[in-house]
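Take a moment to look over the sequence and the model below. We will walk through some of its helices, strands and loops together.

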Amino acid sequence: MTEATGTGARLARLRERLDALDVDALLVSAPSNRRWLSGFTGSAGVLVVDARRARIATDGRYHEQAQRQSPEFELVPAPLRSVASFVAPLLDGLGGARLGFEPGGLTVAEHMEWVGAIEGLPAGDRPRLVPAPGAVEPLRAIKDAAEVEALTVAVYLGDEVWAHAASCLRDGVTEREVAWEAQRHAYEHGADGMAFETIIAAGPNGAMAHHRPSDAAIAAGQPVVMDLGVIVGGYRSDLTRTVCVGEPDEAFPRVYDAVLAAQEMAEERIEAGMTGGQAHAIAATVLAEAGYGDRFTHGLGHGVGLDIHEAPRLSADSEDLLADGQVVTVEPGVYIPGWGGVRIEDQCVMEDGRLRVISRAAKLDLEVGGGS
């Protein structure tokens with residue numbers, strides 16, 4: 001991982017990238033990119049970064065916050081009423097420049113407003129607004145030391161939350177009750193929020209990879225897929241374990257053993273320089289050989305940071321290159337309609353060309369044909 005930390009280092013990395021993006025400046029509107037570059041955690045604002053200046057525009061609710069959190073940025077007061085009310089000071093000195101914008105960070109209506117506001121400037125003061133997709137996300141994919149530390153704190157708390165939720169499993173308890181216990185424990189022990197809507201999927205519901213907790217009662221012998229994460233300091237954890245309440249049926253050990261073998265093989269063999277597609281293929285091959293190839297219906301994993309899904313993608317068609325400093329999930333799964341599913345997920349960091357597993361939550365110790 002890179003050891004350079006802080007917004008100054010991140011701004012320098014972005015500025016080095018402007019030529020490759022074929023822009024002179026970048027308008028940053030995606031909230032997570034804004035936070036990563038500036039440190040600003042408010043809910044409203046945009047950044048403009050060029051080779052010499054870094055500016056942040058936000059409204060009066062956040063002026064003091066922006067000055068405290070983003071000392072490397074010039075504050076441009078931005079009244080809430082319209083972009084036109086602050087576009088001139090924000091884009092001062094950029095007349096004729098190519099101003100990149102994030103296509104995924106602006107709605108169509110917002111883009112139209114920016115175009116109109118720029119057209120309202122004197123001709124010599126107007127930059128040219130051009131799309132700059134993927135401007136910041138590849139930089140964010142490589143976590144610095146402070147980010148890995150923050151993610152580790154979140155992962156460890158997520159592990160504790162999972163252990164508490166698992167202790168609440170019993171015959172007759174509902175999926176929703178277990179999800180609530182996870183959330184309650186997370187908030188009581190320092191989480192800023194849940195990283196995503198907790199998944200508690202019992203029995204046949206486990207065949208749906210993103211099942212939402214319901215009032216369905218968990219019955220003895222059912223596999224229960226438990227996928228949860230927490231937010232600490234803006235960074236997110238992501239963990240899945242699959243367990244049984246009571247004695248599992250004969251199918252569970254076979255499915256679980258195949259999924260665990262696929263995960264362990266992937267975590268052992270994934271290395272820097274691979275594509276996300278090659279990483280996915282490691283686990284997919286194990287599951288196919290076990291007879292579950294058509295039951296692995298999603299990608300092997302994804303990057304995690306300020307967002308729950310970030311670059312790189314570990315999926316069949318991914319050309320993303322894996323590199324040191326990336327924090328990714330490894331989460332193979334098998335989903336059988338009418339029966340349920342098994343997914344096992346760890347959060348890992350790439351170091352010295354190999355994956356190091358951060359997650360510490362227990363996994364079941366099963367042998368095919370045996371019990372738990």
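In which sense do strand β9 and β12 pair, and over how many bridges? Strand β9 (residues 223-228) pairs with β12 in the antiparallel sense, over six bridges. Keep in mind as you read that this is a predicted model.

## A sheet of three strands

Strands β9 and β12 belong to an open sheet of three strands, in the order β8-β9-β12, with antiparallel pairing. β8 and β12 (239-244) are at the edges with a single partner strand each, so one side of each has no neighbour in the sheet. On average, neighbouring strands here are turned by 15 degrees against each other, direction ignored. Helix α7 packs on this sheet, where it touches β9 and β12, and its direction makes about 150 degrees with that of β9.

One residue to find in the sheet is L228, whose bridge partner in β12 is L239. L228 also leads us to F196, in the loop between β7 (193-194) and β8 (199-202). F196 and L228 are 32 residues apart along the chain, yet their C-alpha atoms are separated by 7.1 Å. Beyond its neighbours within four places in sequence, F196 is in contact with D227, L228, G229, S237, D238 and I308. Is F196 buried or exposed? Its relative accessible area is 19%, so F196 counts as buried, because the cut-off for buried is under 20%.

## Strand β2 and its partners

Now turn to strand β2 (residues 46-50). Five of its five residues are buried, so β2 is largely enclosed by the rest of the structure. In a regular strand the side chains alternate between the two faces of the sheet. You can follow this in β2: V46, V48 and D50 point one way, L47 and V49 point the other way, and all are buried.

β2 pairs with strand β1 (residues 25-28), running antiparallel to it and joined by four bridges. It also pairs with strand β3 (residues 54-58), again in the antiparallel sense and over four bridges. L47 is a handy residue to look for: it is the bridge partner of V28, and its own partner in β3 is I56. Three residues make up the link in the hairpin that joins β2 to β3.

Another hairpin is formed by β18 and β19, with two residues between them. Strand β18 (residues 346-351) runs antiparallel to strand β19 (residues 354-357), and four bridges join them. Within this pair, M350 stands opposite L355.

## Helix α1 and its neighbour

Helix α1 (residues 6-21) has 16 residues and spans 23 Å from its first C-alpha to its last, close to the 22 Å expected at 1.5 Å a residue. Its buried residues are T7, A9, R10, L11, L14, L18 and L21.

The axes of α1 and helix α2 (residues 31-38) come within 7 Å and cross at roughly 115 degrees. On the α1 side the contact is made by T7, R10, L11, R13 and L14, and on the α2 side by W36, L37 and S38. These residues divide into four nonpolar, two polar and two charged.

## Backbone surprises

Most residues other than glycine have a negative phi, and most peptide bonds are trans. Here are two residues with a positive phi.

| Residue | Place | Phi | Relative accessible area |
|---|---|---|---|
| D22 | loop between α1 and β1 | near 60 degrees | 46%, partly exposed |
| D352 | loop between β18 and β19 | about 50 degrees | 73%, exposed |

The peptide bond from A311 to P312 is cis, with omega near 5 degrees. You will find P312 in strand β14 (residues 310-314).

## A buried lysine

Our last stop is K143, in the loop between α6 (137-141) and α7 (145-167). K143 counts as buried because its relative accessibility is 1%. What does the side chain of K143 reach at 2.9 Å? That is the backbone oxygen of R140. The side chain of K143 also makes a polar contact with the side chain of E310, at 2.6 Å.

Key: Residues numbered from 1 in each chain as written. Predicted model: local features only at pLDDT ≥ 70, side-chain atom pairs only at ≥ 80, totals over all residues. Heavy atoms only, no water. Expected span 1.5 Å × (residues − 1). Buried < 20%, exposed > 50% of the residue type's maximum accessible area, 1.4 Å probe, protein only. Polar contact = N/O pair within 3.5 Å; in protein donor to acceptor, adjacent residues only side chain to side chain. Contact = heavy atoms within 4.5 Å. Axes fitted to C-alpha atoms, helices over the stretch in contact; angles between N-to-C directions. Nonpolar A, V, L, I, M, F, W, Y, C, P; charged D, E, K, R; others polar. Pairing = 2+ DSSP bridges.
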